[in-house]
Amino acid sequence: ETSVQAINQGNIFRFYQKPCPAEQLREGLRAGVRQFQLVTGERELLEKTLAGSLKVLIDAVSMNDPAALARDARLRGWVRMLRSLLADSQPWQIEIAATLHAIGKLAIPPEIFAKKAAGEVLSDYERSVIDRVPEFGRNLLINIPRMDKVAEIVRLQDRGFDGSGFPPDGPTGLDIPIGARVLRILKDLNEVCGTGPLTNASFALLERHKSRYDPNLYMNVKAIILDKNATAIQYIIEIPLSALSIGQVLQTDLCLTNGHLILAANTRISEIHLERLHVLRKLCTFIEPVRVST
């Protein structure tokens, strides 16, 4: 009975009875090392290689929407802050879902989003199309091996804990994957913050509709993000555009002298940003200096 419990509950890789020939034991150890390398290598591929590749892809696709790029980067930063809270819930899946939460927009004509951004009245069909962005995202992601759980988080990202939101026939309460429950909180928080800083008032706005959120998860998310936001030490400086470096965060919008927005405030500078700015500086004139935090 003890052996059965050890195998079933202890993740036993091999079971040998004594006396065990030395060569058999050596082969078991070699096989165990190979299995460990396989498992850890696969995890690193999923957590780092895949996530990094997808981030580069999404940043490139979003380059023509600087404001959305900055908001998405802030959202990913908040998810990383919550890794300790999500330690038992495959945090890499939630981080990838946060990276890809808006990928469904690729299936929708940009004219519809332009119309919405301009404050124009949308038809019932246009509103329904925008509501279905998570579903479109899920349909794109489900074709990628090992991304089924990520796809489900993306599909349910707008589902409220109380049963509100999309999809109307989706799960409620704790039946909603924790990743989707987290994304619902963080997406709404991102929306109320806009281009401004995160404050207690931002969470107060969310609490007007608190039934949408998992109450225990919401309180934990609020406590962690406010704590990390308060303890983060930022040094804000003004520098010429030529001095921008990877990892710095814009504190103000980066615009051309004609007012055209190139990168929005809160954007963390990446290599692809620097490459684009290097080209643009030869063609256009920017408003300088720029304010950044390090």
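**Exercise 1. Place N266 and work out what is unusual about its backbone.**

Start with the location: N266 sits in the loop between β4 (261-263) and α12 (271-283). Helices here are DSSP runs of H or I with at least four residues, strands are E runs of at least two, and both are numbered from the N terminus. Before going on, note that this is a predicted model, where local features need pLDDT of at least 70, side-chain atom pairs count only at pLDDT 80 or more, and totals for chains, interfaces and linings use all residues. Residues are numbered from 1 along each chain as its sequence is written, and side-chain values use heavy atoms, with hydrogens and water left out.

Next, look at phi. For N266 it is near 80°, a positive value in a residue other than glycine. Most residues other than glycine have a negative phi, and most peptide bonds are trans.

**Exercise 2. Find two cis peptide bonds and say where their prolines lie.**

Step one: K18 and P19 are joined by a cis bond, with omega about 0°. P19 belongs to the loop between α1 (2-9) and α2.

Step two: go to F166 and P167, where the peptide bond is again cis and omega is near -5°. P167 falls in the loop between α8 and α9.

**Exercise 3. Describe how α4 packs against α3 and against α8.**

Two packed helices are described by the angle between their axes and the distance between the axes. Axes are lines fitted to C-alpha atoms, for helices over the stretch in contact, and angles run from 0 to 180 degrees between N-to-C directions.

Take α3 and α4: the angle is about 170° and the axes are 9 Å apart. So α3 is roughly antiparallel to α4 (under 35 degrees is roughly parallel, over 145 roughly antiparallel, 65 to 115 roughly perpendicular, the rest oblique). L75, R76, V79 and R80 of α3 meet I94, E95, A98 and T99 of α4, contact meaning heavy atoms within 4.5 Å.

Now α8 (residues 148-155): its axis and that of α4 (residues 91-100) come within 9 Å and cross at roughly 50°. The pair is therefore oblique. On the α4 side the contact uses Q93, I94, I96, A97 and L100, and on the α8 side K149, V150, I153 and V154. By class, that makes seven nonpolar, one polar and one charged residues. Ala, Val, Leu, Ile, Met, Phe, Trp, Tyr, Cys and Pro count as nonpolar, Asp, Glu, Lys and Arg as charged, and the others, Gly among them, as polar.

**Exercise 4. Map the empty space, then find where N266 turns up again.**

First, the terms. On a 1 Å grid over the protein atoms alone, a cavity is a set of points where a 1.4 Å probe fits but cannot get out; a pocket is an open set with protein on both sides within 12 Å along at least five of seven lines; lining residues have an atom within 4 Å of a point. Grid points are joined across faces, edges and corners, and a volume is the space filled by probe spheres set on the points.

The largest pocket holds about 1,400 Å³. Its lining has 39 residues, with R71, A102, K105, F113 and K116 nearest the centre.

The second largest pocket comes to about 840 Å³. N266 is one of the residues nearest its centre, along with R74, Q234, V249 and R268. α3 gives the largest share of this lining, eight residues.

Finally, the largest cavity has about 40 Å³ of space, and N266 is among its lining residues, which include R71 and R74.
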